[in-house]
Amino acid sequence: MDKIVIEGGVPLKGEVAISGAKNAALPILAATLLAPGIHHLYNVPPLADIRTFKKVLGLMGVSFEEGKPLIVDTSRLTGWMAPYEVVKTMRAAVLVLGPLVARARQASVSLPGGCAIGARPIDLHLKGLAAMGVKIRLNQGYVEARVKRLKGAEITLDTPTVTGTENLMMAAVLAQGVTRIHNAAQEPEVADLARFLVAMGAKIEGIGTDVLTITGVNALTPAPYTIMPDRIEAGTYLAAAAITRGEVTITNAPVAAMSAVLEKFQEAGVRLKTDDDRIVVEQGGSLVGVDVKTRPYPGFPTDMQAQFMALMTLARGASLITETIFENRFMHVSELKRLGADITISANQAMVRGKKQLLGAPVMATDLRASASLVVAGLAAQGTTEVHRVYHLDRGYAHLTEKLTALGARIRRVPA
Ligand code: EPZ
């Protein structure tokens with residue numbers, strides 16, 4: 001297991017290009033199951049989670065040709081199972097559920113089980129599929145799904161689940177009749193998936209809104225597609241530039257999908273300018289503590305909560321951070337406190353009192369975004385910060401140390 005060693009205190013300078021969005025690439029890879037044939041996908045990020053997902057699809061007979069574009073051959077389906085060994089490491093593997101019941105009329109997918117940030121149930125995925133006629137059985141930790149013919153249904157989601165919306169949309173595109181999903185997730189990555197489905201011949205209205213109307217068609221055909229840039233990766237580099245008082249241009253950023261994040265950073269005193277795909281962080285301005293509450297899109301994303309908290313540890317004044325999406329997404333707090341941060345947790349709220357400086361120390365990554373927040377804090381902390389268990393980072397950040405080194409950070413990755 002590697003660790004990342006950072007000598008903090010260097011203002012970042014220069015330009016960084018954002019990679020393809022992990023949370024768009026995963027459902028889009030799953031959606032290739034819906035259309036037998038050869039798919040050309042552009043801007044697929046080189047991430048551990050993507051490699052894991054390719055393994056899952058490979059078990060079903062899907063083959064890949066690495067390169068730009070990534071070529072995905074879904075002509076032959078030889079299986080429809082997502083095994084526990086894989087799903088327990090990456091819950092997004094549940095995204096094969098919808099496409100498999102649509103294509104193969106059956107699926108056997110391990111229940112994801114919990115993870116560091118919460119129980120992560122999939123009850124809403126299953127309730128929606130059942131409404132479309134799928135017979136669901138739980139058997140030794142697996143969801144066994146069978147259906148003769150998917151039929152359109154009226155579905156209202158209790159909570160706007162992102163992968164739940166994606167699973168149901170992927171089932172609905174090949175169902176008989178019309179499916180309407182109310183209280184659908186509006187995350188940009190859901191819209192990116194919808195656009196890919198439409199490119200393959202699906203009929204979807206209301207893309208980007210909380211009501212998706214899907215009229216089933218008989219078949220889809222592969223279509224080339226370019227995956228949208230990663231707004232969370234962009235937000236993470238924004239936090240790194242801001243906390244080090246640097247001057248950084250973030251290119252290939254999905255600016256239109258980042259309003260809540262950009263506004264919150266500006267409210268905190270970060271000086272930035274944007275055009276349609278670039279964010280320019282300027283030096284100067286002083287960081288002030290601001291409150292933030294995570295919300296489903298278009299609100300402030302839970303995936304940016306930990307990185308924003310790192311920034312707030314060095315702001316003047318206090319910042320009340322409320323996490324409303326996951327029940328246990330403060331695993332980074334105790335590690336940030338090892339760097340000298342002043343944070344108090346009460347239920348789903350963290351009160352951050354800004355300090356003049358952080359002091360480097362060894363810290364432990366616990367989940368993907370928590371590890372990003374420790375890197376952000378380490379870039380500003382005086383002295384040496386060692387982030388252990390960096391395999392969490394590899395799940396969602398392509399070439400992190402190279403990109404930060406190019407911005408002048410004193411950062412290196414060493415075998416722990
Ligand atoms: C997606 O996870 C993302 N993952 C997460 O990103 C992200 O944090 C999350 O959406 C929220 O934005 C992918 O897209 C691959 P949810 P997902 O279903 O779909 C409850 C990252 O860092 N819920 O929207 O699993 C659930 O418990 C990852 O890249 C149910 O109760 O999240 C949670 O409290 C982490 N029943 C809330 O909804 C269900 O059936 C939101 O979960 C489904 C969800």
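Colleague: What does Tyr142 touch, beyond its sequence neighbours?

Modeller: In this predicted model, Tyr142 touches Met81, Ala82, Pro83, Tyr84 and Glu85. Ser108, Val109, Ser110, Leu111 and Arg137 are touched too. Residues up to four places away in sequence are left out of that list.

Colleague: Why is Tyr142 called buried?

Modeller: Its relative accessibility is 15%. Buried means under 20%, so Tyr142 qualifies.

Colleague: What makes the pair of Tyr84 and Tyr142 a polar contact?

Modeller: The backbone nitrogen of Tyr84 lies 2.8 Å from a polar side-chain atom of Tyr142. The cut-off is 3.5 Å, so the pair counts. Ala82 is another residue to note: 60 residues from Tyr142 in sequence, and 9.0 Å away from C-alpha to C-alpha.

Colleague: Tyr142 lies in strand β9. How do you know that β7 and β9 pair?

Modeller: Five bridges join them, in the antiparallel sense. Pairing needs at least two bridges, so β7 and β9 are paired strands. Within that pairing, Ser108 has Glu144 of β9 as its bridge partner.

Colleague: What makes β6 and β7 a pair?

Modeller: Two bridges join β6, residues 81-82, to β7, and the strands run parallel. At least two are required, so the pair is accepted. Ala82 is partnered by Val109 in β7.

Colleague: How do you know that both faces of β7 are covered?

Modeller: Side chains in a regular strand alternate between the two faces of the sheet. In β7, Gln106, Ser108 and Ser110 lie on one side, with Ala107 and Val109 on the other. All of these are buried. That fits the tally for β7, residues 106-110: five of five buried.

Colleague: What makes α1 largely enclosed?

Modeller: Nine of its 10 residues are buried, so the rest of the structure largely encloses this helix. The buried residues are Lys22, Ala24, Ala25, Leu26, Pro27, Ile28, Leu29, Ala30 and Ala31.

Colleague: Which residues touch the most other members of the largest nonpolar core?

Modeller: Phe53, Val96, Leu197 and Leu220 do, in a core of 80 residues. Helix α1 gives this core its largest share, seven residues. A second core lies apart from it, with 70 residues, including Met309, Met312, Ile343 and Val363.

Colleague: And what does Leu197 touch?

Modeller: Among its contacts are Ala31, Leu34, Met169, Met170 and Val173. Others include Ala202, Ile204 and Leu220.

Colleague: What makes Arg91, Val162 and Arg329 polar contacts of the ligand?

Modeller: Distance. A side-chain N or O atom of Arg91 is 2.7 Å from a ligand oxygen. For a backbone N or O atom of Val162, the figure is 2.8 Å. A polar side-chain atom of Arg329 lies 3.4 Å from an oxygen of the ligand. The limit is 3.5 Å, so each of these contacts passes.

Colleague: How much of the ligand does the protein bury?

Modeller: The protein buries 87% of the 820 Å² that the ligand exposes when taken alone. The shell holds 21 residues; Asp123, Leu124, Thr163, Asp303 and Ile325 are the closest. Helices α1, α5, α6 and α12 each supply at least two shell residues. The largest share, three residues, is from α5.

Colleague: Why is Thr244 called buried?

Modeller: Its relative accessible area is 6%. The threshold is 20%, so Thr244 is buried. Its place is in the loop between α8 and β15. A polar atom of its side chain lies 3.2 Å from the backbone oxygen of Ala241. Beyond its sequence neighbours, Thr244 touches Val10, Pro11, Leu12, Leu379 and Ala380.

Colleague: And why is Ile279 called buried?

Modeller: At 0% relative accessibility, Ile279 is under the 20% limit, so it counts as buried. Ile279 sits in strand β17. Its contacts include Leu238, Val248, Ile250, Val255, Met258 and Leu262.

Colleague: What makes β4 and β14 edge strands?

Modeller: Each pairs on one side only. The open sheet has the order β4-β5-β3-β14, with mixed pairing. Strand β3 pairs with β14 in the parallel sense, over two bridges. There, Tyr42 stands opposite Thr226.

Technical notes. Residues numbered from 1 in each chain as written. Heavy atoms only, no water. Buried < 20%, exposed > 50% of the residue type's maximum accessible area, 1.4 Å probe, protein only. Helix = DSSP H or I, 4+ residues; strand = E, 2+ residues; numbered from the N terminus. Contact = heavy atoms within 4.5 Å. Polar contact = N/O pair within 3.5 Å; in protein donor to acceptor, adjacent residues only side chain to side chain. Core = buried A, V, L, I, M, F, W, Y, C linked by side-chain atoms within 4.5 Å. Near = heavy atom within 4 Å. Areas by Shrake-Rupley, 256 points an atom, 1.4 Å probe, with all protein chains shown as cover.
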